[in-house]
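Me: I am new to this structure. Could you show me how to read it, one feature at a time?

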Amino acid sequence: MAEQHKVLLAGADERDLTQLAEYQAIGGYKGVAKARAMTPDALIDELQKATLRGRGGAGFPMGRKASLIDRKSPKPKYLVVNADESEPGAFKDREVMARVPHRLLEGCLIAAHAIESTDVFIYIRGEYLTEYEILQAAVDEASAVGIFGDVTITVHRGAGAYICGEETALLESLEGKRGQPRPRPPFPPIQGLYAAPTQINNVCTIATVPVILEMGAEEFAKTGVPSSPGTAIFSISGNVARPGNYELDLGTPMRELIYEHAGGIPDGRELKAVIPGGSSVPALTPAQIDVPLDYDSLGAIGTFFGAASLIVVDDRCCMVQLALRSTKFYMHESCGKCTPCRVGTRWMVQILESIENGTATQADLELLDSVGDNILGKVLCALGEFAVYPVASYLDKWRDEFVAHVEQGGCPFGGSSSLEGILAPSDQHAHTPVGEEALV
Amino acid sequence: MTSFYEEVQELRARYPEGSRSAALPALRLAQEKHGWLSREAIEETADALEVTPAFCYSVATFYDMLHLEPVGRRTIDVCTNLPCALCGAQQVLEAFESELGIRAGETTPDGATTLRAVECLGGCGYATVVAIDDRYRHHVRPETVPEILGGLDG
Amino acid sequence: MSTELVRVTIDERDVHVPKGTGIVETALAAGVEIPVFCYEPRLGAPVGACRMCLVEVEGMPKLQTGCTLTAQDGMVVKTARTSEKAAAGQNGTLEFILVNHPLDCPVCDKGGECPLQDLTFRYGPGNTRMSFEKLTFEKPIPISPTISLDRERCILCYRCTRFSESVSEDGQLVAANRGALSVITTFEDLPYTGAFTGNVTELCPVGALLPTQYRFEGRPWEIVDVPTVCGLCPVGCNIHATVREGKVKRILSRNHPEIDEGWICDKGRFAYTHLRAEDRLTEPLQRVRRHGLEPVSWEQALEEAERLLRAARGRVVTVLSGSETVEQAYALGKLLRVGLDSHQATLPEEISGALDAYRLPLSAIRDADAVVVLGDVPVVERAPIVDLWIRAARRNGARILDSVDDIGEAERVVLVWSGPGGRGGASVAKLAEKLGLADREGCGAFYLPETPNGRGVADAWAACCDEESEAADSIGLLVVSGDEAAADENVRALAEQAEATIVLSMYGGLASGWADLILPGTSYLERDGSFVNLEGRLQRLRRTVEPPCPDELEWISQLAARFGVDVAPYAAGVFAEVSERVYGGLAFGEVGERAPLRGYPEAQERVSSRPLPEPQQKARRGEIRLVAYKPLFSGAAVERVTELQFQRPQPELELSADDARRRRIATGDLVTVGS
Ligand SMILES: Cc1cc2nc3c(=O)[nH]c(=O)nc-3n(C[C@H](O)[C@H](O)[C@H](O)COP(=O)(O)O)c2cc1C
Ligand code: SF4
Ligand code: FES
């Protein structure tokens with residue numbers, strides 16, 4: 001069967017790399033010395049040569065981001081690691097923190113040197129308690145032996161809010177406030193945490209940095225595909241035989257991941273849809289899965305690389321129920337700051353419910369489309385768009401199923417859908433201290 | 001032993017002067033101490049952080065893991081987001097409901113256990129994921145629910 | 001903002017504005033209005049929340065929020081007027097805003113003066129596509145006795161919470177919950193308290209936050225907003241009095257950028273119902289042997305007043321309140337000094353002209369590098385708006401100090417003296433002199449007096465007569481002008497010594513025990529005339545409603561005539577005379593709607609003032625010095641407004657955190673105080 005290419009996770013199968021000694025035994029933290037021997041400018045050049053693209057979703061080159069940091073500012077510079085991983089379908093950052101925490105810390109030290117920062121914050125989602133403990137232990141162990149030098153790494157726990165994965169909301173939350181996104185400009189490299197220049201990167205992005213120093217940027221750039229070098233840890237979940245994380249070269253065919261690594265669709269079921277980047281991106285039909293897993297190839301067919309997290313859906317699933325459950329999540333997680341997201345996501349849920357329970361008309365399908373259009377491109381951050389992208393794609397590619405709901409006055413699956421009756425947190429008695437109304 | 005006030009001052013010392021970054025850690029600490037963020041808990045936290053109770057309340061109500069009403073001594077969170085849902089999370093949730101005799105979102109009459117459906121916990125490859133007092137259980141199936149509950153002390 | 005001009009094109013029109021100017025302002029400069037809800041520059045950095053201001057910017061794929069953009073050279077902006085895309089975006093936003101907004105405009109106090117109503121009318125969709133359940137909330141709920149909140153109307157622009165967080169900095173009005181369930185709230189059941197809460201009712205762009213006093217009181221087409229100046233503290237905020245059928249129904253701010261920036265305190269906003277207090281005097285009261293005070297006709301009252309005055313020629317002593325208009329003080333002074341050779345008058349506080357060399361507009365505080373706050377009385381209790389300017393200065397990076405020793409290298413230095421012992425500003429003027437602040441860019445000094453128009457009254461009294469004669473040894477007649485004076489025990493003590501007493505007061509109760517003749521007085525909202533505020537700025541008071549009794553000037557001039565003294569019966573006439581002597585001949589009509597800060601070299605003060613309360617003795621080791629002061633929410637007017645009672649401080653003691661901890665005193669504890 002097809003091989004994984006373990007780079008971020010290298011060594012973790014053979015050794016307990018949560019132990020400092022074990023990590024050092026395989027050459028761990030050598031990259032730091034290498035980096036510190038270079039000037040920040042040289043280091044940033046090296047990182048730019050590697051064209052490591054952000055693994056958090058936007059795919060922005062990490063080195064270029066570092067070059068944008070206003071290093072002349074009299075204020076301190078900050079490096080913030082985005083470990084809020086909350087995108088449905090994503091669980092890769094968690095594995096990195098649980099199994100190779102020191103590789104992440106090494107990446108932090110190198111990146112910090114590049115942007116001339118001595119203050120690193122790792123914002124980890126509150127639910128990841130065990131991972132927090134492992135990471136904190138690694139921080140304590142490494143700093144105790146002086147590996148950090150004058151750098152301090154603070155692990156900061158979130159408290160349950162998906163929006164805090166959005167970088168400016170994360171900064172607000174890290175500043176102790178409600179995690180609501182900030183308008184941009186000003187952008188974090190100029191005015192980020194505590195209004196100081198700030199570099200924000202995903203866990204996997206930073207954990208890849210030591211690899212670049214180990215291989216050298218030129219060699220690294222040769223791996224994966226030219227437009228997206230390196231490997232990525234792909235989280236694959238849903239209706240596959242062997243769900244889990246697989247570290248593969250970027251550019252690996254999606255079909256290979258689904259059918260060889262993940263063992264295909266179990267119980268003789270048919271593949272119905274793949275949501276390739278976490279639940280927030282447009283879904284693909286079975287006819288579209290012969291696509292290389294990299295940013296540009298996925299972009300070319302109208303979806304996103306996103307969080308490198310594939311949710312595989314088999315033929316038992318009602319696409320309206322899928323849309324409804326997905327939208328309830330984004331409605332629940334909307335921060336409430338900007339109008340289109342706060343109001344639009346709830347409106348979408350109401351429309352989808354009427355479609356599912358058979359009270360909708362043809363006009364409601366048009367309405368659903370148009371409410372989505374009024375959200376896309378009008379919102380303060382992308383959360384509102386994350387609610388729309390997938391639903392718009394279901395409505396577009398599985399329209400007949402939506403129409404069937406309208407025409408049959410109910411769900412054509414007649415209770416047999418794999419998502420039948422699924423209860424969303426927003427359906428249960430939500431805590432609403434002022435005004436006791438349920439969401440919908 | 002150090003007082004809550006002193007513990008919060010230690011938290012504040014980790015962040016830049018004058019920032020409110022200690023708010024979340026402090027609120028979590030208060031919740032651990034009081035079980036939930038009662039009026040008193042919020043006032044005590046505000047006092048230690050030198051902010052208004054309204055500020056703490058405003059922040060606390062934003063985050064799902066901070067409770068503004070009483071919860072059971074034990075919390076059982078069942079992920080019902082897409083990946084788990086596609087693999088039968090609803091059946092798992094219902095198994096807990098019938099075993100505990102409460103609906104999702106409720107607390108057992110003896111105040112021992114609160115059961116909730118929650119959004120994605122980040123264990124999608126190991127569905128269904130259930131967090132018991134924030135410790136993850138993977139691959140939970142309806143038939144394993146009784147033994148899980150049986151295995152819990154107290 | 002730099003002074004470098006950049007060229008920006010708005011809807012095909014080129015404008016040149018300073019680099020960094022907001023696009024909303026830039027568009028206005030081009031004569032284009034970009035609709036906004038959440039944008040309000042006085043609340044700090046824009047938040048881009050409501051998405052009403054969407055515009056298309058050349059070179060940017062997505063629509064941008066005009067409120068968060070700043071002018072860059074060569075920028076090409078298309079608003080909804082010329083961009084289909086922007087128009088579509090804006091309509092979408094407006095539809096979203098209306099999705100949960102109730103259709104109760106007909107019974108909404110905001111109706112007719114509501115930005116949401118106007119924008120819906122101009123840009124909005126004809127019909128709604130929302131056929132599902134709207135969010136519902138219990139409505140309206142009081143967030144304090146003075147303010148009600150209707151959460152269904154709220155569009156979550158976060159103006160109110162931003163005011164609470166970053167203008168008044170009280171941190172009490174906040175947003176709770178997340179997403180669609182977000183609501184505006186205070187903590188638990190606590191009312192929104194503080195000196196400035198009412199401003200949120202003006203900031204709210206919809207009918208969500210409304211003043212309870214105004215509920216169902218007026219419709220926009222039935223009211224007039226009369227521009228005048230608040231007379232309840234020495235700041236003199238510019239205000240509008242909303243008048244309907246001869247009654248003041250509401251007080252609104254009337255942004256004077258140098259004085260109040262459009263903020264007013266809750267006393268100035270909500271205390272207006274004192275005009276209609278039950279114990280308001282409408283006719284004169286005369287003491288009749290054995291029967292006590294009895295209502296009499298004005299004719300009889302003036303007869304009696306004349307009799308008492310003649311009997312006390314040369315021995316009339318006057319107690320002023322410092323809340324009289326310049327004209328009233330001048331008219332009264334002329335009657336008593338010229339007509340009755342009685343020159344002796346007292347003011348509740350010392351007034352000094354020494355500060356005139358260090359005058360600045362209040363707004364200069366915001367731009368200072370260092371603000372030194374001296375004196376014992378919290379600034380907010382004496383001159384609330386000054387507190388907001390000082391907070392703004394701190395947010396701008398100024399150092400707020402309590403001693404001149406720490407000024408260091410600071411360029412722009414502003415001194416503020418709040419409380420007794422300031423010798424009417426003389427002390428702080430001396431400090432300013434020592435520091436050489438005179439005519440140094442952005443430097444100056446303020447003294448926060450106790451009375452709203454002490455300076456104007458002093459000027460007028462001094463100007464109305466050139467003679468002087470030393471005080472008589474007995475008080476033939478005591479003339480007590482104004483409620484503040486009438487409420488003062490020391491004045492009562494004086495009345496004991498006097499052979500007779502005349503009191504000018506709005507309320508019967510104050511002097512009923514000891515006055516021989518009480519003449520009904522008017523409120524600042526009922527007067528034409530002028531005030532001088534703590535900046536030394538001469539401002540114009542306008543009569544917003546007719547008083548329930550004759551205006552002071554009318555009967556003073558009648559009375560004066562009986563002593564052969566000529567006093568005009570109307571403000572303009574009296575002012576002309578004062579102005580000749582004090583204000584450089586400035587005409588009444590030129591004082592100005594938004595008065596500039598002018599200097600008046602002729603201004604002089606010869607008013608002998610009552611000895612000040614003896615200076616606080618220094619605390620000995622381990623002891624704490626006890627300082628007592630008049631709180632903002634006190635005085636004859638406030639006491640008569642039921643809605644404001646919750647704001648009146650209970651007897652309370654403030655301690656520094658250290659002192660408290662050292663003495664193991666916690667918030668809410670009962671303590672016994674001795675001095
Ligand atoms: C609603 C929303 C949620 C997001 N959640 C995450 C997340 O959980 N983890 C993450 O790394 N990036 C997340 N992002 C992307 C971040 O905003 C940011 O682009 C990223 O952390 C940058 O790191 P990178 O350049 O290394 O990818 C999210 C973005 C949005 C709009
Ligand atoms: S109450 Fe008014 S000001 Fe406050 S958020 Fe709602 S609409 Fe805006
Ligand atoms: S006015 Fe620009 S977003 Fe509200």
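Me: By class, how many nonpolar, polar and charged residues does the shell around ligand 1 have?

Reply: A word first: this is a predicted model. To read a shell, sort its residues by class. Here the shell around ligand 1 has nine polar, six charged and five nonpolar residues.

Me: Which residues are closest to ligand 1?

Reply: Start from the full set, then pick out the closest. In this case 20 residues surround ligand 1. Gly56(A), Lys65(A), Asn201(A), Asn202(A) and Thr205(A) are the closest.

Me: What lies 2.6 Å from an oxygen atom of ligand 1?

Reply: Check whether backbone or side chain is involved. For Gly56(A), a backbone N or O atom lies at that 2.6 Å distance. Lys65(A) uses its side chain: an N or O atom there is 2.9 Å from an oxygen atom of the ligand. Thr205(A) also brings a polar side-chain atom, 2.7 Å from a ligand oxygen.

Me: How much of ligand 1 does the protein bury?

Reply: Take the ligand alone, then add the protein. Alone, ligand 1 exposes 610 Å², and the protein buries 92% of that.

Me: Which elements give two or more residues to its shell?

Reply: Two elements of chain A do: strand E4 (198-202) and helix H16 (383-397). E4(A) gives the largest share, three residues.

Me: Which residues come nearest to ligand 2?

Reply: Use the same approach. Ligand 2 has 13 residues around it, and the nearest are Cys154(C), Cys157(C), Tyr158(C), Cys160(C) and Cys204(C). By class, its shell has twelve nonpolar residues, one charged and no polar.

Me: Now the chains. What is the area buried between chain B and chain A?

Reply: Interface size is often given as the accessible area lost when the parts come together. Between chain B and chain A, about 4500 Å² is buried, and carbon and sulfur atoms give 56% of it. On the chain B side, Phe62(B), Leu82(B) and Leu86(B) supply 17% of the area buried against chain A, more than any other three residues. The contact takes 71 residues from chain A and 49 residues from chain B.

Me: How many salt bridges are there between chain B and chain A?

Reply: Look for charged partners across the interface. The count is two. Glu119(B) forms a salt bridge with Arg325(A), with the closest N and O atoms 2.7 Å apart. Polar contacts are a separate count: 24 residue pairs across this interface.

Me: Which classes make up the side of chain B that touches chain A?

Reply: Its residues divide into 28 nonpolar, twelve polar and nine charged. Elements of chain B that each supply at least two residues to this side include helix H2 (23-34), helix H6 (89-100) and strand E2 (113-118).

Definitions and conventions: Residues numbered from 1 in each chain as written. Chains lettered and ligands numbered in written order. Predicted model: local features only at pLDDT ≥ 70, side-chain atom pairs only at ≥ 80, totals over all residues. Heavy atoms only, no water. Contact = heavy atoms within 4.5 Å. Buried area = accessible area lost by both parts, 1.4 Å probe. Salt bridge = Lys/Arg side-chain N within 4 Å of Asp/Glu carboxyl O. Polar contact = N/O pair within 3.5 Å; in protein donor to acceptor, adjacent residues only side chain to side chain. Helix = DSSP H or I, 4+ residues; strand = E, 2+ residues; numbered from the N terminus. Nonpolar A, V, L, I, M, F, W, Y, C, P; charged D, E, K, R; others polar. Near = heavy atom within 4 Å. Areas by Shrake-Rupley, 256 points an atom, 1.4 Å probe, with all protein chains shown as cover.
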